[in-house]
Amino acid sequence: MTTGLRAALSLAVAAFGVAGVVVLAGTAVRTGPTAPDATRAPLHWEPGACVNGSDAGYVLTPCNGGQYEVLAIAADPPGHGGCPDDTDDVVRIGDGRTACVRAYLDPHLGAPGAGGGMLRAGDCVTLDGRERPCAQRGWYGRALAIETRASACPSGTLDTVGTGPVACLGPGGQVLDRGMCVARPAGDTVDRAAITRVGCRSRGAWARVTSFETRPESCPKGSQRYLRARGAYRPVTCLRLVSK
């Protein structure tokens, strides 16, 4: 084989190799768009979808950069149990629906006592049933449980707020318990907000709580006064005077 012929064959093989690369590359480009493309696929409000949030609101986003995950789709507004307990926020998405979302990273506003998400055990609430961070002032009581009605509250419940859902309140905040003292209110029938808890050794202490009942006749022996609190879980607060 002459030197010129060997050179020609080498060039032909090289040229064929280049053509093969072009063909393969061309094939990859042609078939790429037909494969699933998460960055271009339609985004839907559904469990597992990813969301970004800002002061302007929430928007769906591909899941390679989302801040929140959609846990569930619920009614607007969500009913009791409509969103999971660990929901951090609820997003109105139209057509009578909301999305229950949870952040991927801490802090979680839906954590007990944090002040956001769904009302749950451990949260702090005001007398009008609104959740408030336990680290802030102004809350009335801490929830032992959340129920659809007050009669379903667990034992140990000292008071309730709300009508549906109902926050069953235990010790803490301004919720009264037996042995605590109160200041003298303006009348015998008062709102719960008018019953002020004070230290039993303070000058403002007027009476000590002996019991909570549904009617005055059930107050225990030794009770000298009672207050009837409008809207209270146990409306009659039985008292023994500590000052006159």
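Reader: Let's start with the strand pairs. In β2, which residue is the bridge partner of S54?

Author: This is a predicted model, by the way. Look at β1 and β2, strands that run antiparallel and are joined by 5 bridges. In β2, the partner that S54 bridges to is G57.

Reader: How many residues does the hairpin from β1 to β2 go through?

Author: Strand β1 covers residues 50-54, and strand β2 covers residues 57-61. The hairpin that joins β1 to β2 passes through 2 residues.

Reader: β1 also pairs with β3. Which residue in β3 is the bridge partner of C50?

Author: Strand β3 takes in residues 68-75, and 2 bridges join β1 to β3, with the two running antiparallel. For C50, the bridge partner in β3 is E69.

Reader: Okay, on to the open sheet. Which strands are at its edges?

Author: Five strands make up this sheet, and their order is β7-β6-β8-β10-β9, with antiparallel pairing. An edge strand pairs on one side only, and that fits β7 (131-132) and β9 (159-161). So the edge strands, as the order β7-β6-β8-β10-β9 has it at its two ends, are β7 and β9.

Reader: Which residue in β7 stands opposite V125?

Author: Strand β6 is residues 124-125, and β6 pairs with β7 in the antiparallel sense over 2 bridges. Across from V125, in β7, you'll find E131.

Reader: Do strands β12 and β15 run parallel or antiparallel?

Author: Strand β12 is residues 189-191 and strand β15 is residues 225-230, with 3 bridges between them. One bridge pair here is V190 with A229 in β15. The direction of β12 and β15 is parallel.

Reader: Which residue in the hairpin of β15 and β16 takes a positive phi?

Author: β15 pairs with strand β16 (residues 236-241) over 4 bridges in the antiparallel sense, and Y226 has C238 as its bridge partner in β16. The hairpin has 5 residues between the strands. The residue with a positive phi, near 80°, is G231.

Reader: Now the pockets. What is the volume of the largest pocket?

Author: A probe the size of a water molecule, rolled over the atoms, shows where empty space is left. The largest pocket has 23 lining residues, and P78, G117, M118, L119 and P165 lie nearest its centre. Domain 1 (49-103) and domain 2 (123-170) each give at least three residues to this lining. The volume of the largest pocket is about 510 Å³.

Reader: By class, how many charged residues are in the lining of the largest pocket?

Author: Sorted by class, that lining has 9 nonpolar and 8 polar residues. The number of charged residues in the lining of the largest pocket is 6.

Reader: Which domains does the second largest pocket lie between?

Author: The second largest pocket holds about 210 Å³ of space. Its lining has 17 residues, with Y140, D159, L176, R192 and I195 nearest the centre, and by class there are 11 nonpolar, 3 polar and 3 charged ones. Two domains both give residues to this lining, so the pocket lies between domain 2 (123-170) and domain 3 (180-241).

Reader: Last one: over which residues is the pLDDT below 50?

Author: The chain averages a pLDDT of 83, and 83% of the residues score at least 70. One stretch has a pLDDT below 50, with 2 contacts in the model beyond near neighbours in sequence: residues 1-36.

Conventions: Residues are numbered from 1 along each chain as its sequence is written. This is a predicted model: local features need pLDDT of at least 70, side-chain atom pairs count only at pLDDT 80 or more; totals for chains, interfaces and linings use all residues. Side-chain values use heavy atoms; hydrogens and water are left out. Two strands pair if DSSP finds at least two bridges between them. On a 1 Å grid over the protein atoms alone, a cavity is a set of points where a 1.4 Å probe fits but cannot get out, and a pocket is an open set with protein on both sides within 12 Å along at least five of seven lines; lining residues have an atom within 4 Å of a point. Grid points are joined across faces, edges and corners, and a volume is the space filled by probe spheres set on the points. Ala, Val, Leu, Ile, Met, Phe, Trp, Tyr, Cys and Pro count as nonpolar, Asp, Glu, Lys and Arg as charged, and the others, Gly among them, as polar. Domain bounds come from an automatic or database domain assignment. pLDDT is the predictor's confidence in each residue, from 0 to 100. Contact means heavy atoms within 4.5 Å.
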